[in-house]
Every structure is written in C-alpha cells, then in structure tokens.
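Biologist: I'm new to reading models like this one. Could you show me how to go through it, one feature at a time?

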Amino acid sequence: MSVIEAVVVAVWAMLPAYVPNNAAVLAGGGAPIDGGRTWGGRRVLGDGKTWRGTAVGTLVGVALAALLNALAPGAEDALGIGVPTFPAAVMVSLAFGAMLGDILASFLKRRTGRERGAAFPGVDQLDFVIVSLGLTAIVAFDWFTDVFTLPVLAVVVVLTPALHLLTNGIAYALGLKDEPW
Ligand code: CTP
Ligand code: K
Ligand code: MG
C-alpha cells in the first residue's frame with residue numbers, strides 16, 4: 001500500500017469519528033450529562049459535555065458514514081483507490097466512540113484538577129481516536145483489521161493530532177470555540 005493510499009483510507013475511515021466532536025461544538029448547550037453532580041469536590045464531567053452535543057455529534061457522524069457509503073463507488077472510480085464502506089455497527093462505534101472518548105477525557109481532566117476548557121496535551125488530540133477505534137474493534141473485529149492495517153493506523157496516529165489542532169484552531173478563529181484545543 002502506498003503512502004497516498006494509506007492517507008486516503010485513513011482519512012475516509014476516520015471521518016465519521018473526526019466530525020462528531022466538531023458537530024458537538026456547534027450543537028452544544030443545554031443540560032450537562034452529569035446533571036451538575038460533583039465527585040471529590042469537582043464536577044464529574046462538567047458543563048462542556050451535554051446531552052444535546054453528544055446526541056447531535058453522534059447523529060452527524062452516523063449520517064456522514066452513510067453519505068460516505070453512498071459516495072464510495074464514485075470515489076473509487078475518481079481516485080483509483082479502494083475506500084472502505086461502513087457497516088451499521090461501525091457507523092455507530094466510530095461516531096459514538098468519538099463522543100465517548102471525549103467524555104472520558106473530561107472525566108480524567110476533572111479528576112486531575114483541570115477546569116473546563118483546560119488543555120490536556122496528548123489526551124485532547126487522541127482520546128476520541130482510541131475509544132472510537134477500540135469500540136470498532138470490539139463490534140466489528142474483521143472489518144477493523146481489514147481497514148486499519150498498520151500503515152493506515154500509523155497515518156491515523158500522525159495525522160489526527162494535526163487535523164484536530166487545525167479544525168479546533170479554525171473553530172476558535174471563527175469564535176465557535178473558547179480555546180484553540
Ligand atoms: N460539547 C457538548 N457535548 C459534548 C462535547 C462537546 O455539548 N459531548 C460542546 C460544549 O458546548 C463544549 C464545546 O462543545 O463546551 C467544546 O467541547 P470541548 O472542548 O470538548 O469541551 P470543553 O468545554 O473544553 O470542556 P472539557 O474541559 O471538559 O473538555
Ligand atoms: K475535548
Ligand atoms: Mg475544550
């Protein structure tokens with residue numbers, strides 16, 4: 001597999017996991033998941049993790065996976081590169097896994113004394129990748145190993161922090177997000 005192929009497959013396969021967090025930023029607001037509860041004097045998750053953001057983020061990720069499935073044949077013809085299609089379970093595991101990873105990261109941030117919006121370098125950039133891919137490996141192991149070969153995984157690990165910083169930087173510059181991470 002060439003580097004170009006690995007990049008195309010990695011970006012295609014990860015788009016349903018990349019987009020939910022950005023959709024949640026646009027949709028956020030309303031009741032926090034933790035209902036305001038605290039643990040050890042700190043919020044369990046904080047006001048930055050809401051039911052609405054989580055639901056909309058997940059739905060947008062699933063819808064994007066369905067759209068990519070529809071576009072796959074045309075993309076293969078245009079690019080000359082085979083791109084994956086997403087079974088239903090994988091649509092959900094990528095999209096919801098991304099939201100869950102971000103939620104677990106906020107849980108860890110609060111336990112380590114970081115206030116809402118504080119940066120947690122490394123965790124901020126890879127939380128959603130680890131949980132979305134982990135959940136996908138659990139629900140569809142054969143699909144996971146077919147698509148996420150070692151070169152593709154290597155591209156994901158290198159490219160994701162860069163893409164994450166770029167999209168969050170854009171959201172910050174547009175005034176949609178309070179911090180650029
Ligand atoms: N958001 C949401 N629900 C989620 C994730 C995000 O509503 N499950 C929205 C919130 O409005 C949040 C914004 O997206 O403030 C930015 O997300 P993020 O940077 O993950 O949250 P922070 O507010 O920085 O909080 P934390 O420190 O817990 O990450
Ligand atoms: K985050
Ligand atoms: Mg933040």
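Modeller: Happy to! Keep in mind that this is a predicted model. We can begin just past a helix end: α1 is followed by G29, and the phi of G29 is positive, near 125 degrees.

Biologist: Which residue takes a positive phi just after α6?

Modeller: That is G175, with a phi of about 80 degrees.

Biologist: How do I check the length of a helix such as α1?

Modeller: Take one less than its number of residues and multiply by 1.5 Å. For α1, with 25 residues, this gives 36 Å, and the end C-alpha atoms are 35 Å apart, so the two values agree. You can repeat the check on α4: its 17 residues should span 24 Å, and the ends lie 23 Å apart, which agrees too.

Biologist: And what does α6 reach from its first C-alpha to its last?

Modeller: It reaches 35 Å with 24 residues, close to the expected 34 Å.

Biologist: Where does α1 have a kink?

Modeller: Look at L15, where α1 kinks by about 50 degrees, shortly before the proline P16. There is a bend in α6 as well, of about 35 degrees at L159, and the proline P161 follows within four residues.

Biologist: Now to the inside. Which residues touch the most other members of the largest nonpolar core?

Modeller: M14, F86, F148 and V156 do, in a core of 32 residues. Two or more residues each come from α1, α2, α3, α4, α5 and α6, and α1 gives the largest share, eight residues.

Biologist: What is F86 in contact with, leaving aside its neighbours within four places in sequence?

Modeller: Its partners include W12, A13 and P16, then A65, L68 and N69, and also M91, L94 and W143.

Biologist: How do I tell whether a residue such as T160 is buried or exposed?

Modeller: Compare its relative accessible area with the cut-offs: under 20% is buried and over 50% is exposed. T160 has a value of 1%, so it counts as buried. This residue sits in helix α6.

Biologist: Which polar contacts does the side chain of T160 make?

Modeller: One joins it to the side chain of Y18 at 2.7 Å. A polar atom of the T160 side chain also lies 2.5 Å from the backbone oxygen of V156. Beyond its close neighbours in sequence, T160 is in contact with Y18, Q125, L126, F128, V129 and V155.

Biologist: Which other residues of α6 are buried?

Modeller: Besides T160, they are V152, V155, V156, H164, N168 and A171. The buried residues of α6 pack against α1, α4 and α5.

Biologist: And what covers the buried residues of α4?

Modeller: The cover includes α1, α3, α5 and α6. Among the buried residues of α4 are D124, F128, V131, S132 and A137. Take S132: at 0% relative accessibility it counts as buried, because the limit is under 20%. Its side chain reaches the backbone oxygen of F128 at 2.7 Å. Not counting residues up to four places away in sequence, S132 touches M14, A17, S93, L94, G97 and A98.

Biologist: Is V60 buried, partly exposed or exposed, then, and what is its relative accessibility?

Modeller: The value is 32%, which lies between the cut-offs of 20% and 50%, so V60 counts as partly exposed. V60 is part of helix α2 and touches V19 and A23, again leaving out residues up to four places away. Positions in sequence and in space can be compared here too: V60 and I81 are 21 residues apart in sequence, and their C-alpha atoms are 25 Å apart.

Biologist: Last topic: the ligand. Which residues come nearest to ligand 1?

Modeller: Of the 19 residues around it, K49, T50, S106, R116 and G117 come nearest.

Biologist: How far is the side chain of S106 from an oxygen atom of ligand 1?

Modeller: An N or O atom of the S106 side chain is 2.6 Å away from that oxygen. For K109, an N or O atom of the side chain is 3.0 Å from an oxygen atom of the ligand. A polar side-chain atom of D102 lies 3.3 Å from a ligand oxygen.

Key:
Residues are numbered from 1 along each chain as its sequence is written. Chains are lettered from A and ligands numbered from 1 in the order in which they are written. This is a predicted model: local features need pLDDT of at least 70, side-chain atom pairs count only at pLDDT 80 or more; totals for chains, interfaces and linings use all residues. Side-chain values use heavy atoms; hydrogens and water are left out. A nonpolar core is a set of buried Ala, Val, Leu, Ile, Met, Phe, Trp, Tyr and Cys residues joined through side-chain atoms within 4.5 Å. Buried means under 20% relative accessible area, exposed over 50%, partly exposed in between (1.4 Å probe, protein chains only). Contact means heavy atoms within 4.5 Å. The bend at a residue is the angle between axes fitted to the seven residues ending there and the seven starting there. A residue is near a molecule or strand if one of its heavy atoms lies within 4 Å of it. A polar contact is a pair of N or O atoms within 3.5 Å; within protein, one must be able to donate a hydrogen and the other to accept it, and residues adjacent in sequence count only if both atoms are side-chain atoms.
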